Number of protein chains: 2
Amino acid sequence: MSLLALGTLAYDDVYTPYGEVKMIEAGSCTYIAMAATYFVQPVQIVSVIGGDYNDDFLADLKRRGADLGGVEVIEDGKSFYWAGRYHDDMMGRDTLDTQLNVLADFQPKVPAEYRTSDYVMLGNLTPAVQSSVLDQLDHRPKLVALDTMNFWMDSALDDLKAVLKRIDILIINDEEARQLSGELSLLKAAAAIVEMGPKILIIKKGEHGALLFHNDELFSAPALLLPQVIDPTGAGDTFAGGLMGYLAASDDLSFDNLKRAVIHGSAMASFVVEDFGTRRLQTLDQDQIDARVQRFASLMHVAL
Amino acid sequence: MSLLALGTLAYDDVYTPYGEVKMIEAGSCTYIAMAATYFVQPVQIVSVIGGDYNDDFLADLKRRGADLGGVEVIEDGKSFYWAGRYHDDMMGRDTLDTQLNVLADFQPKVPAEYRTSDYVMLGNLTPAVQSSVLDQLDHRPKLVALDTMNFWMDSALDDLKAVLKRIDILIINDEEARQLSGELSLLKAAAAIVEMGPKILIIKKGEHGALLFHNDELFSAPALLLPQVIDPTGAGDTFAGGLMGYLAASDDLSFDNLKRAVIHGSAMASFVVEDFGTRRLQTLDQDQIDARVQRFASLMHVAL
């Protein structure tokens with residue numbers, strides 16, 4: 001089994017109360033791929049970079065099981081760049097700078113060998129770009145997941161609604177779910193969003209865990225309590241990568257397995273925030289992941 | 001088994017986006033007793049009211065299993081009164097009016113027949129008043145739980161710290177836990193608070209559920225998603241009443257049973273917010289409670 005992942009390979013500057021890092025390799029597809037390759041290989045990346053991107057980092061991604069055949073390199077271009085500063089409470093953040101660079105004119109090209117993928121993760125990008133990946137596939141995948149954000153709800157709602165009709169899982173946060181649906185109650189929000197297309201909805205609540213909606217079933221996953229969050233950047237992408245990597249590897253779309261996937265995504269996200277950028281994801285091993293998943297299980301276990 | 005409960009019997013005016021009610025019977029002890037009597041009887045109330053309090057309401061409380069022997073009646077006084085307006089998002093609220101009335105000089109008197117109670121719930125009141133109840137007991141109870149708020153952390157921190165040394169379970173919300181401990185991480189906050197006295201800590205997170213800390217064990221209870229919250233007033237007191245009623249009835253302080261108690265408290269709180277004041281608590285039956293507890297179980301069940 002494979003997982004096709006669309007998203008950015010970016011450079012980030014990140015400032016937090018615990019320190020700062022500059023020009024680290026980041027972006028949605030980096031986090032998705034670094035999490036997903038722990039479960040499934042290859043992770044077929046569709047993205048774009050400038051000639052400035054770190055070859056050693058790309059080689060490491062490849063060694064982990066990423067297929068970079070769908071990464072367009074614009075040699076005289078610069079890679080997407082984002083800079084942000086987290087507030088003292090680590091909950092809010094301000095964007096200091098965004099330079100689209102090669103992302104500005106990105107037209108994703110899905111290589112022939114990716115076009116039969118059964119599992120597709122569409123990272124947060126312009127909805128039209130997300131749709132364009134689906135247009136290029138040979139057949140309807142078994143499972144398409146999509147991440148988006150309030151920016152696209154404000155600026156490209158029609159395109160977003162169009163792509164929502166073509167996907168299976170929408171992954172957004174609680175604020176975005178309320179904005180997209182116009183409903184304050186997350187239960188009503190979920191019902192309204194499912195009407196828009198995705199039959200499965202995952203609402204991320206940050207330090208409060210995640211909710212999984214499918215048909216009339218509902219699962220509430222807790223968040224792990226961490227002594228310290230060093231850098232929340234990429235937590236949502238890492239969650240999505242772990243979730244979709246787990247689903248692609250297990251190839252089981254039952255509600256029970258969707259719940260397990262949410263826990264595995266949550267476990268991966270709980271690691272990534274322990275250090276800046278992708279550092280913590282680079283040093284993980286399977287035993288650590290299994291132990292973390294068990295911590296989630298114990299956190300929510302009750303015998304009634 | 002019995003449960004001794006200290007708190008207010010009050011009148012509230014409540015304004016929400018869904019309507020308003022005036023001069024309804026409310027107060028922490030009302031909610032605690034109405035929830036706890038579903039599990040254990042008698043619930044021995046220590047409180048104070050004016051001559052204005054509704055006799056029919058008191059008779060109903062008694063019929064439900066409350067013992068009113070510790071309710072001081074100041075015939076020419078007026079009962080405690082609170083008025084508040086909830087914001088459109090139902091999360092924040094503004095206090096419009098507070099009239100302490102008979103509560104201003106309240107010196108709780110614990111009747112002789114209450115003084116051997118093994119389970120004690122100290123509702124949110126001046127820490128010195130909470131301590132005074134413990135002073136009057138014949139022996140150290142098996143379990144003393146205490147609710148408090150940031151107001152006492154600001155105005156009576158020394159008294160609060162003194163009573164914290166004498167209790168077993170502290171029940172506060174996440175914001176209060178952060179204020180009391182000076183720690184942003186709830187994990188660090190819990191460790192700091194346990195050092196202050198209570199060996200068991202419950203952190204309420206409203207629509208995000210509750211956390212239970214005991215020794216090195218941690219349990220994360222989800223919140224039920226409700227289509228509509230009509231009136232959040234008393235949710236915390238109802239949680240505490242359900243929790244302590246369940247513990248007193250089962251007389252089992254194992255971590256497994258503490259977890260069950262948190263779920264039963266959460267179930268009771270999920271009912272009370274469905275209507276104004278105590279209305280929903282008045283119409284409950286055991287089957288509804290059991291079914292609600294099972295909804296919590298299904299919400300958090302995962303087979304890993």
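Q: Leaving aside neighbours within four places in sequence, which residues is Ala145(A) in contact with?

A: Keep in mind that this is a predicted model. Here Ala145(A) touches Met121(A), Leu122(A), Ile167(A), Asp168(A), Ile169(A), Ile171(A), Ala240(A) and Met244(A).

Q: Which residues have the most contacts inside the largest nonpolar core?

A: That core has 200 residues, and the ones with the most contacts inside it are Ala5(A), Ala145(A), Ala5(B) and Ala145(B).

Q: Let's try a helix. Is helix H1 of chain A mostly covered or mostly uncovered?

A: A bit of background helps: an α-helix has 3.6 residues a turn, so residues three or four places apart point the same way. Now the case here. H1(A) spans residues 28-36 and is mostly covered, with nine of its nine residues buried. Among them are Ser28(A), Cys29(A) and Thr30(A), along with Tyr31(A) and Met34(A).

Q: On to sheets. What is the strand order in the open sheet of four strands in chain B?

A: The general idea is that strands of a sheet pair through backbone hydrogen bonds, either parallel or antiparallel. In chain B the order reads E3-E2-E6-E7, and the pairing is mixed. Strands E3 (19-26) and E7 (93-99) of chain B stand at the edges with a single partner strand each, so one side of each has no neighbour in the sheet. From one strand to the next, the twist averages 15 degrees.

Q: How many bridges join E2(B) to E3(B)?

A: Six bridges link strand E2 (residues 10-16) of chain B to E3(B), and the two run antiparallel. To pick out one pair, look at Val14(B): its bridge partner in E3(B) is Val21(B).

Q: How is chain A laid on chain B?

A: A turn of 180 degrees with a shift of 0.0 Å along the axis does it, giving an RMSD of 0.0 Å. The two copies are therefore related as by a two-fold rotation axis. The same surface serves both copies, as 100% of the contact residues of chain A recur in chain B.

Q: So how many residues does each chain give to the contact?

A: In general, the size of an interface is often given as the accessible area lost when the parts come together. Counting residues instead, chain A gives 27 residues and chain B gives 27 residues. On the side of chain A that touches chain B, the elements giving two or more residues are helix H7 (186-195), strand E13 (217-221), helix H9 (255-272) and helix H11 (286-299) of chain A. H9(A) gives the most, with four residues.

Q: And what is that side of chain A made of, by class?

A: The side of chain A that touches chain B has 17 nonpolar, four polar and six charged residues.

Conventions:
Residues numbered from 1 in each chain as written. Chains lettered and ligands numbered in written order. Predicted model: local features only at pLDDT ≥ 70, side-chain atom pairs only at ≥ 80, totals over all residues. Pairing = 2+ DSSP bridges. Axes fitted to C-alpha atoms, helices over the stretch in contact; angles between N-to-C directions. Least-squares fit on C-alpha atoms with pLDDT ≥ 70 in both. Contact = placed C-beta atoms within 7 Å. Core = buried A, V, L, I, M, F, W, Y, C linked by C-beta atoms within 7 Å. Buried ≥ 20, exposed ≤ 12 C-beta atoms within 10 Å, placed from the backbone. Nonpolar A, V, L, I, M, F, W, Y, C, P; charged D, E, K, R; others polar.
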